[in-house]
Amino acid sequence: MSAGNHSFVTEFIIVGFPGLQPEFYGLASTVLFLVYFCTAVGNVIILVLFATDRDLHKPMYFVILHLVVSDVLFSTTTLPKIIARYWFQAGAISFTGCFVQMYLVHYFGTVNSYILFIMALDRYVSICFPLRYPMIIKNSTIHILSATAWIVAKAGPLMMVIRAYPLPYCDSNKITQCYCDHIAITTLACTDRAPYSFPAFIFAMLALLGPLAFIIFSYCSIIVAVLQIASTQGRLKTLSTCSGQLIIIALYYLPRCFIYLSSNIGIRFSTDLRIVIIMLYSLLPPLINPLIYSFKTKHIKQSLMKIFKRSTAPQ
């Protein structure tokens with residue numbers, strides 16, 4: 001369809017939580033601002049540690065670096081607009097701006113999925129093939145894999161935007177969501193959504209389930225390898241190196257798969273509950289990942305302690 005078909009809608013209005021009463025707008029914006037502030041501070045600290053401590057310039061930490069960058073960019077793409085909507089009642093976003101945000105939301109989400117795949121690959125080789133790890137996983141290997149993830153992730157979201165942008169948007173312009181995403185936008189189109197939603201669903205499942213399948217395989221292999229370790233202490237030490245990553249992976253994949261599947265197989269629940277779940281899986285990982293890195297990753301913890309001791313030592 002031609003671009004003129006959407007001329008009835010020149011901007012979209014981000015509604016956020018439709019059931020939220022106006023007297024709670026200030027509280028909602030404050031909470032969202034604190035989440036964004038803490039996310040930015042936590043991830044920037046990790047970036048500063050990486051920039052100042054050469055001991056962190058190792059394959060596993062380069063993977064974490066890419067995840068940190070993706071988390072910060074995702075939060076910056078989604079949160080400022082919904083904060084403005086509740087803080088200043090500025091929920092309007094231009095037609096083109098909404099599609100740009102949609103592209104970035106799905107792009108950074110896809111990048112995260114691929115980076116988690118690389119993280120699982122690193123742990124798989126490290127534990128299942130420890131003697132060959134230095135030969136297989138090098139800094140250059142991680143750079144190539146990560147660059148590939150950032151490049152390949154562009155294709156799916158770009159396809160979704162190209163197909164959704166020309167649709168006729170001639171009725172409501174209110175997006176019942178906290179940011180522009182494919183489902184929220186295409187639901188407003190004055191045409192049959194099925195030909196556009198199904199390919200997007202297939203892409204989402206490939207971007208999620210493809211890496212997730214390898215992640216499940218890798219951690220099953222890791223569990224088998226750990227059970228072959230003779231000492232109990234050795235088993236616990238090996239498992240502890242994976243526990244933080246397992247938490248990150250579970251927070252990212254489980255709620256996303258639930259939302260995508262429920263949207264396409266007919267499971268119904270309230271709009272507000274659905275948005276709460278989406279916001280939790282969108283905001284929680286970037287918020288708590290720095291804490292997981294700090295407490296579950298040995299060298300990052302040591303680097304933080306060195307800075308803390310240096311700052312508190314008497315002059």
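Hi everyone. Let's start with a bend: helix H2 turns by about 30° at Leu 79, and a proline, Pro 80, follows within four residues. Keep in mind as we go that this is a predicted model.

So what does the rest of H2 look like? The helix runs over residues 59–87, which makes 29 residues. From its first C-alpha to its last, H2 reaches 41 Å, close to the 42 Å expected at 1.5 Å a residue. Is H2 mostly covered or mostly open? It is mostly covered, with 21 of the 29 residues buried.

Now let's step off the end of the helix. H2 is followed by Gln 89, which is found in the loop between H2 and strand E2, residues 92–94. Have a look at its backbone: phi of Gln 89 is near 55°, a positive value in a residue other than glycine. Most residues other than glycine have a negative phi. Is Gln 89 buried or exposed? Gln 89 is exposed, because its relative accessible area is 54% and the cut-off for exposed is over 50%.

Let's finish inside the protein. The largest nonpolar core has 95 residues. Those with the most contacts inside this core are Phe 12, Phe 99, Leu 116, Tyr 169 and Met 279. Which helix gives the most to this core? That is H3, residues 95–128, with 19 residues.

If you want one residue to click on, try Leu 116. Leaving aside residues up to four places away in sequence, Leu 116 touches Leu 67, Ile 215, Ile 248, Ile 249, Tyr 252 and Tyr 253. Thanks for listening!

Key. Residues numbered from 1 in each chain as written. Predicted model: local features only at pLDDT ≥ 70, side-chain atom pairs only at ≥ 80, totals over all residues. Heavy atoms only, no water. Core = buried A, V, L, I, M, F, W, Y, C linked by side-chain atoms within 4.5 Å. Buried < 20%, exposed > 50% of the residue type's maximum accessible area, 1.4 Å probe, protein only. Helix = DSSP H or I, 4+ residues; strand = E, 2+ residues; numbered from the N terminus. Contact = heavy atoms within 4.5 Å. Expected span 1.5 Å × (residues − 1). Bend = angle between axes of the 7 residues up to and from the residue.
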